[in-house]
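Visitor: I would like a close look at one part of this structure: the salt bridges and the places where their partners sit. Please take the rest of the chain as background to that.

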Amino acid sequence: AKLVAAASDDRFRETWNLAGGQTLDVTGRPYPDGAIAFLFNDITAEVSLTRGFRTELETMQSALDVMEDAVAVFNQRGILTLCNDAYTRMWQVDPDTSITDATILEATQDWKSAFHPSPVWPELRDFVTSDTERASWDTELRSRDGREVICRIDPICYGSTLIRFCQRARPPDASTGDDGLQIVSA
């Protein structure tokens, strides 16, 4: 009775997930002379595709989040489209909670203030927004607190650019003969 009443007012629309795995979009509409029509649309394929796409996105984000390097992806317009937890922590930027899009201009201003002077920032901005043939490159930076950081810039698909900040590994201490290897068990 509730279903018929809702359909009579042209406000009935539900998604039904059936036990067999099928998903239906059900719409009720009034017709002349008090008739009511129900449209059952099988949307199983669309729902399955959406779920698969969401799973791939969540898997990709999880893979990036376990990386120690701070990673950000900017599209060709210079807008931050993706970053990992390490990047969010390093730069106190969370694009998921921001109302406006974070841009490469804003990002390089933040990066510039965190490192000793370097001529790399305008070059990096131009690289991100360039539509010419591009090749990967990196640059060494020194943070204001003295840490050495490698900034790796890689062109990726659809004109996007992946930028990665890696802490430079400290070379083994030659005076102690420590070669970085350690016997864990015999």
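Guide: What follows goes from the whole chain to its salt bridges and then to a few single residues.

This is a predicted model. The secondary structure consists of five helices and eight strands. Read from the N terminus, the order of the elements is α-β-β-β-α-β-β-α-α-α-β-β-β. The chain has a radius of gyration of 27 Å, while the globule rule gives 16 Å for 186 residues, so the chain is more spread out than a compact globule. Along the principal axes, the box that holds the C-alpha atoms is roughly 95 × 50 × 30 Å. Of the 186 residues, 31% are buried. If one takes the contacts between residues at least 6 apart in sequence, 33% of them join residues at least 24 apart. The accessible surface is about 12,800 Å², and carbon and sulfur atoms account for 53% of that surface.

Now to the charges. The chain has 18 positive and 30 negative charges, and the mean positions of the two groups lie 3 Å apart. How many salt bridges does the structure hold? There are six salt bridges, and three pairs are described here one by one.

One of them joins R164 and D69, with 3.6 Å between the closest N and O atoms. This pair links distant parts of the chain, since R164 belongs to strand β8 (residues 161–167) and D69 to the loop between α2 (44–65) and β4 (70–74), and 95 residues separate the two along the sequence. Are the two partners buried or partly exposed? R164 has a relative accessibility of 24%, so R164 counts as partly exposed. D69 has 19%, and because buried means under 20%, D69 counts as buried.

A second pair is D138 with R152, whose closest N and O atoms are 3.2 Å apart. Here too the pair links distant parts of the chain: D138 is in strand β6 (residues 137–142), R152 is in strand β7 (residues 148–155), and the two are 14 residues apart. D138 is partly exposed, with a relative accessibility of 43%. R152 is also rated partly exposed, at 23%. This pair does not stand alone, for D138, R152 and D154 are linked in a network of salt bridges.

The third pair is E148 and R142, whose side chains meet in a salt bridge with an N to O distance of 3.0 Å. E148 has a relative accessible area of 32% and is partly exposed. R142 is partly exposed as well, at 39%.

Next come residues in the loops. E68 is in the loop between α2 and β4, the loop that also holds D69. Is E68 buried or exposed? E68 has a relative accessibility of 78%, so E68 counts as exposed, whereas D69 counts as buried. From the C-alpha atom of E68 to that of E58, ten residues away along the chain, the separation is 18 Å.

N75 sits in the loop between β4 and β5 (80–83). N75 is buried, at 18% relative accessible area. Leaving out residues up to four places away in sequence, N75 touches T81, V128, G159 and S160.

Two other loop residues have a positive phi although neither is a glycine. For D33, phi is near 65 degrees. D33 is placed in the loop between β2 (23–30) and β3 (36–42), and with 85% relative accessibility D33 counts as exposed. For Y158, phi is near 60 degrees. Y158 lies in the loop between β7 and β8 and is exposed, at 78%.

The last residue is W16, in strand β1 (residues 12–17). W16 is partly exposed, with 28% relative accessibility. Which residues does W16 touch, not counting those up to four places away in sequence? They are L3, Q22, T23, L24, V26 and F40. I150 is 134 residues from W16 along the chain, and the C-alpha atoms of the two are separated by 52 Å.

Technical notes:
Residues are numbered from 1 along each chain as its sequence is written. This is a predicted model: local features need pLDDT of at least 70, side-chain atom pairs count only at pLDDT 80 or more; totals for chains, interfaces and linings use all residues. Side-chain values use heavy atoms; hydrogens and water are left out. A salt bridge is a side-chain nitrogen of Lys or Arg within 4 Å of a carboxyl oxygen of Asp or Glu. Helices (H or I, at least four residues) and strands (E, at least two) are DSSP runs, numbered from the N terminus. Buried means under 20% relative accessible area, exposed over 50%, partly exposed in between (1.4 Å probe, protein chains only). The radius of gyration is taken over C-alpha atoms; the globule rule is 2.2 Å times the number of residues to the power 0.38. Contact means heavy atoms within 4.5 Å. Accessible areas come from the Shrake-Rupley method with a 1.4 Å probe; for residues, only the protein chains shown count as cover. Lys and Arg count as positive and Asp and Glu as negative; His and the chain ends are not counted. The place of a charge is taken as NZ of Lys, CZ of Arg, CG of Asp or CD of Glu.
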